[in-house]
Amino acid sequence: MASQSTTNPPRFSIPDSIRYLFREQRLLFVLVGISIAALISNVVFLPDSSPHISDHDHDHDSFHVAESTSLPRRRAYELHADHHNLGGRIPLGLKAKSMRVLVTGGSGFVGSHLVDRLMARGDTVIVVDNFFTGRKDNLLHHLRNPRFELIRHDVVEPILLEVDQIYHLACPASPVHYKYNPFAAFIWVMFGILDGYRDHKTNVVGTLNMLGLAKRINARFLLTSTSEVYGDPLEHPQVETYWGNVNPIGVRSCYDEGKRVAETLTMDYHRGLNIEVRIARIFNTYGPRMCLDDGRVVSNFVAQALRKEPMTVYGDGKQTRSFQYVSDLVEGLMRLMEGEHVGPFNLGNPGEFTMLELAKVVQDTIDPTAKIEFRPNTEDDPHKRKPDITRAMELLGWQPVVPLREGLPLMVSDFRQRIFGDAKEGDSTTSTFSSV
């Protein structure tokens, strides 16, 4: 039998590999390729040597608002397909973006106007509201915007969201609403005994939940407090250092004392846990989207005059209030949030009117023949109320710019449309800030 010859496959040999690499200048071409790749990499992706900036540095981009004001902005960053070089510690492929902002009570009167401004600025806005006093209609024009989200939720229950800023506005603010169950405020708030009184829990438990959220996600927190913390003041005008004159067991105390406790909690979280907080004390505010029958004097007078009913004046009508238009308040809130001062800050219009003077302005605006009806004064009604806004003017660069006789017709137009439906839908809700 013939023998079969077999051929073994060649084995890998390091000397053979080296000889192969040095033949025909192969090594030279490898080195040239590496050099070209390194050169291209350095030219295209060379990092900027500009100074480092942090995530929360301010820029000074302007945006158009009613009174042509500019606010500094805190910064955040998002992934982007284009490789813009921003320098510093900002990774390649990131660009500056808008804030993610949570507004509790954002479907209400003030909250919905604040949402309008934040959306116009380009922010992503999340509204949390249980609609106890708010109205979905106030936010309908944002529902299809991908930067807007509306969550039906009561802030007395915890919620976990990822945001940069929290505007805490959720609270029944009108006498009709916060007197709904006048004897239940702190019993239910502190011990959870009376299940039926959820609205009064907001000031304490709702504030605690929002402060806890701010701590968890390292967000800046703004509390909207009230001039009611001054009670029936013995000092006039009221400055932020005044401690107030409040009846702790009166019919208004569920709101007055609730807000005072909310301020205490906010400052305790700031001092003890180093949470970034801001406190605003809001004075009487009016404008489109107010509740028609919420018991506040401006909405009462306007609704009554439009319905040809007598305007109700409690007492002798000589008690005074100061009235700011809602766009002025929103401007102040945003300046406070973006600024570097904790507060508290009075946000109100120092122009002072008696109730009879206000009734005269409403008559001049709606119906000169509107009648006035006097009734006994309500319990614990403050005799005088006027803010000292020196601190806000000096530290925030803020002061109201819309006088009562200019702002009131805008509110009247909105009320007339909602009462009688004789105006085009949306005339007074979507153009509020371009009108003043």
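This is a tour of a predicted model, stop by stop, with what to select and what is there.

**Whole chain**

Start with the whole protein chain, which holds 12 helices and 17 strands. Of its 436 residues, buried ones make up 50%. Take the contacts between residues at least 6 apart in sequence: 74% of these join residues at least 24 apart.

**The cores**

Select Tyr167, Val298 and Val302. These residues touch the most other members of the largest nonpolar core, which has 58 residues. Another core, of 27 residues, lies apart from it; Ile151, Met210, Leu213 and Leu265 are among its members.

Now keep Val302 and show its surroundings. Neighbours within four places in sequence aside, Val302 is in contact with Val362, Ile366, Leu408, Met411, Val412 and Phe415.

**Helix H12**

Select residues 404-420, which form helix H12. How far apart are its end C-alpha atoms? They are 23 Å apart, and this agrees with the 24 Å that 17 residues should span at 1.5 Å a residue.

Next, colour the buried residues of H12: Leu404, Gly407, Leu408, Met411, Val412, Asp414, Phe415 and Gln417. In an α-helix there are 3.6 residues a turn, so residues three or four places apart point the same way. Which elements do the buried residues of H12 pack against? Show helix H8 (297-306) and helix H10 (355-365), then strand E11 (285-286), strand E14 (324-325) and strand E16 (352-354). Just after H12 comes Gly421, with a positive phi near 70 degrees.

**Salt bridges along the chain**

The model has 17 salt bridges. While H12 is on screen, select Arg405 and Asp364, whose side chains meet in a salt bridge at 3.4 Å, N to O. Arg405 belongs to helix H12 and Asp364 to helix H10, so this pair ties together parts 41 residues apart in sequence. Arg405 is exposed at 52% relative accessible area, while Asp364 is partly exposed at 39%. Elsewhere, Arg117, Glu331 and Arg335 are joined into one network by salt bridges that share partners.

Move to Lys308 and Asp367, another salt bridge, with the closest N and O atoms 3.3 Å apart. This pair links distant parts of the chain, 59 residues apart: Lys308 sits in the loop between H8 and strand E12 (311-314), and Asp367 in the loop between H10 and strand E17 (372-375). Lys308 is exposed, with a relative accessible area of 63%; Asp367 counts as buried at 11%.

Then select Arg121 and Asp123. Their closest N and O atoms are 2.6 Å apart in a salt bridge. Asp123 is buried, with a relative accessible area of 0%, and Arg121 counts as buried at 8%.

**Arg278, a buried charge**

Select Arg278 in strand E10 (residues 277-282). Arg278 is buried but has no salt bridge. Why does Glu276 not supply one? Glu276 is the nearest side chain of opposite charge, but it is 4.1 Å away, and a salt bridge needs the nitrogen and oxygen within 4 Å. Show Gly339 as well: its backbone oxygen lies 2.9 Å from a polar atom of the Arg278 side chain. Beyond neighbours within four places in sequence, the contacts of Arg278 include Arg220, Phe221, Leu222, Leu336, Met337 and His341.

**Tyr255 in helix H7**

Go to Tyr255, in helix H7 (residues 253-273). Is Tyr255 buried or exposed? Tyr255 is buried, with a relative accessible area of 7%. Add Val229, 26 residues away along the chain; the C-alpha atoms of the two are separated by 8.7 Å.

**Unusual backbone**

Most residues other than glycine have a negative phi, and most peptide bonds are trans. The last selections are exceptions to look at in turn.

- His236 and Pro237: a cis peptide bond joins them, with omega about -10 degrees. Pro237 is in the loop between strand E9 (220-226) and H7.
- Gly343 and Pro344: here too the peptide bond is cis, with omega about 10 degrees. Pro344 is in the loop between helix H9 (326-338) and strand E15 (345-347).
- Phe131: phi is positive, near 60 degrees. Phe131 lies in the loop between strand E6 (124-129) and strand E7 (148-152), and is buried at 15% relative accessible area.
- Asn218: phi is positive, near 60 degrees. Asn218 lies in the loop between helix H6 (202-217) and E9, and counts as exposed at 57%.

Notes
Residues are numbered from 1 along each chain as its sequence is written. This is a predicted model: local features need pLDDT of at least 70, side-chain atom pairs count only at pLDDT 80 or more; totals for chains, interfaces and linings use all residues. Side-chain values use heavy atoms; hydrogens and water are left out. Helices (H or I, at least four residues) and strands (E, at least two) are DSSP runs, numbered from the N terminus. Buried means under 20% relative accessible area, exposed over 50%, partly exposed in between (1.4 Å probe, protein chains only). A nonpolar core is a set of buried Ala, Val, Leu, Ile, Met, Phe, Trp, Tyr and Cys residues joined through side-chain atoms within 4.5 Å. Contact means heavy atoms within 4.5 Å. The expected span of a helix is 1.5 Å times one less than its number of residues. Lys and Arg count as positive and Asp and Glu as negative; His and the chain ends are not counted. A polar contact is a pair of N or O atoms within 3.5 Å; within protein, one must be able to donate a hydrogen and the other to accept it, and residues adjacent in sequence count only if both atoms are side-chain atoms.
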